[in-house]
Amino acid sequence: MPFENTLPLVAVLGVAAVGSLLWWLQARERWLAVVAVVAAGLAGSVQLADRLVETDREQLTALLHQLAAAAEAGDLPTILAAIDPSASELRADAQRILSRYEPSEARITKLFIEVDTAASPPNAAADLIVRATGRVDAGGTQASTLVGGMIELHKQGEQWLITSFEFRRLFEGGLGRRL
């Protein structure tokens, strides 16, 4: 993706701009000033493009963090809005899980996203680990857990929708234990 990691390019252009400017201060040749201005302008343009263009991977990252926050808040409508309407079993699982667990904290600690924009519709897979702390059952038992998961999504219009989610518990402990 062209705008996902522009820092190296901005750094090279910045160094070229500063180097050309320092060389121009020594030599006073016009072309060095032009190179410094062009390099600085390109660095600024690349940085601006990075800020203005949101890639699919950035959209997915934001969506998954938004869903973690929705889980903390017990916001089932937000979670269901991110699940493909045709995935009725997955929607029922989400309702069942959120009725059984009440997370006070849900943090994504590892996230790897692979996007296939050549597919029709575009699809993605997210491999993640979530640290969740909160009430586990109706008895009010508090626990912390690490959950690993694989989420598959597809893009419908401008919106990414979850089509499947598989998870596995990696660790579980009481609140007194640090993860």
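Arg 28 sits in the loop between helix H1 (7-27) and helix H2 (30-52). The structure here is a predicted model, and the exercises below walk through parts of it, beginning with that loop.

**Exercise 1. Two backbone spots in loops**

Task: Find what sets the backbone of Arg 28 apart, and say which peptide bond is cis.

Solution:
- Start with the phi angle of Arg 28, which is positive at about 55 degrees although the residue is not a glycine.
- Most residues other than glycine have a negative phi, and most peptide bonds are trans.
- Next, look at accessibility: Arg 28 has a relative accessible area of 53%, so it counts as exposed, the cut-off being over 50%.
- Now move to the loop between S1 and S2, where Pro 121 is found.
- The peptide bond leading from Ser 120 to Pro 121 is cis, and its omega is near 0 degrees.

**Exercise 2. Checking the length of a helix**

Task: Work out what span helix H3 (residues 56-73) should have, and compare it with the distance between its end C-alpha atoms.

Solution:
- Helix H3 has 18 residues, and the rise is 1.5 Å a residue.
- The expected span uses one less than the number of residues, which gives 26 Å for H3.
- The end C-alpha atoms of H3 are 25 Å apart, so the model agrees with the expectation.
- Then ask which side chains of H3 are covered: the buried residues include Leu 60, Leu 63, Leu 64 and Leu 67, along with Ala 68, Ala 70 and Ala 71.
- Asp 56 and Gln 59 are buried in H3 too.
- Finally, step just past the helix, where Gly 74 has a positive phi of about 65 degrees.

**Exercise 3. Describing the largest pocket**

Task: Give the volume of the largest pocket, and say which elements and residue types line it.

Solution:
- The volume of the largest pocket is about 1000 Å³.
- Its lining holds 38 residues, and those closest to the centre are Ala 71, Ile 97, Leu 98, Val 147 and Phe 165.
- Ala 71 is familiar from the previous exercise as a buried residue of H3.
- Trace the elements next: H3, helix H5 (88-100), strand S1 (102-116), strand S2 (123-135), strand S3 (142-156) and strand S4 (159-173) each give at least two residues to the lining.
- Sort the lining by type to get 25 nonpolar, 6 polar and 7 charged residues.

**Exercise 4. Following the salt bridges**

Task: Say how many salt bridges there are, then describe the bridges of Asp 93 with Arg 96, Arg 135 with Glu 102, and Arg 107 with Glu 105.

Solution:
- Side chains of opposite charge can pair when their charged atoms come close.
- With a cut-off of 4 Å between nitrogen and oxygen, the count is 7 salt bridges.
- Take helix H5 to begin with: Asp 93 and Arg 96 pair at 3.4 Å, N to O.
- These two residues are 3 apart in helix H5, so about one helical turn separates them.
- Asp 93 is partly exposed at 27% relative accessibility, and Arg 96 is partly exposed at 46%.
- Turn to Arg 135 and Glu 102, whose closest N and O atoms are 2.9 Å apart.
- This pair links distant parts of the chain, as Arg 135 is in strand S2 and Glu 102 in strand S1, 33 residues apart.
- Arg 135 has 17% relative accessibility and counts as buried, while Glu 102 is partly exposed at 48%.
- Beyond four places in sequence, the contacts of Arg 135 include Ser 99, Arg 100 and Tyr 101, as well as Gly 140, Thr 141 and Gln 142.
- Last comes the bridge between Arg 107 and Glu 105, at 3.9 Å from N to O.
- Through shared partners, salt bridges join Glu 72, Glu 105, Arg 107 and Arg 131 into one network.
- Arg 107 is partly exposed at 39% relative accessibility, and Glu 105 is partly exposed at 24%.

**Exercise 5. Placing a strand residue**

Task: Say where Thr 109 lies and what it touches.

Solution:
- Thr 109 lies in strand S1, and at a relative accessible area of 47% it is partly exposed.
- Leaving out residues up to four places away in sequence, Thr 109 touches Ile 129, Val 130 and Arg 131.
- Arg 131 also belongs to the salt-bridge network with Glu 72, Glu 105 and Arg 107.
- As a distance check, the C-alpha atoms of Thr 109 and Ala 82 are separated by 20 Å, the two residues being 27 apart along the chain.

Methods:
Residues are numbered from 1 along each chain as its sequence is written. This is a predicted model: local features need pLDDT of at least 70, side-chain atom pairs count only at pLDDT 80 or more; totals for chains, interfaces and linings use all residues. Side-chain values use heavy atoms; hydrogens and water are left out. Helices (H or I, at least four residues) and strands (E, at least two) are DSSP runs, numbered from the N terminus. Buried means under 20% relative accessible area, exposed over 50%, partly exposed in between (1.4 Å probe, protein chains only). On a 1 Å grid over the protein atoms alone, a cavity is a set of points where a 1.4 Å probe fits but cannot get out, and a pocket is an open set with protein on both sides within 12 Å along at least five of seven lines; lining residues have an atom within 4 Å of a point. Grid points are joined across faces, edges and corners, and a volume is the space filled by probe spheres set on the points. Ala, Val, Leu, Ile, Met, Phe, Trp, Tyr, Cys and Pro count as nonpolar, Asp, Glu, Lys and Arg as charged, and the others, Gly among them, as polar. A salt bridge is a side-chain nitrogen of Lys or Arg within 4 Å of a carboxyl oxygen of Asp or Glu. Contact means heavy atoms within 4.5 Å.
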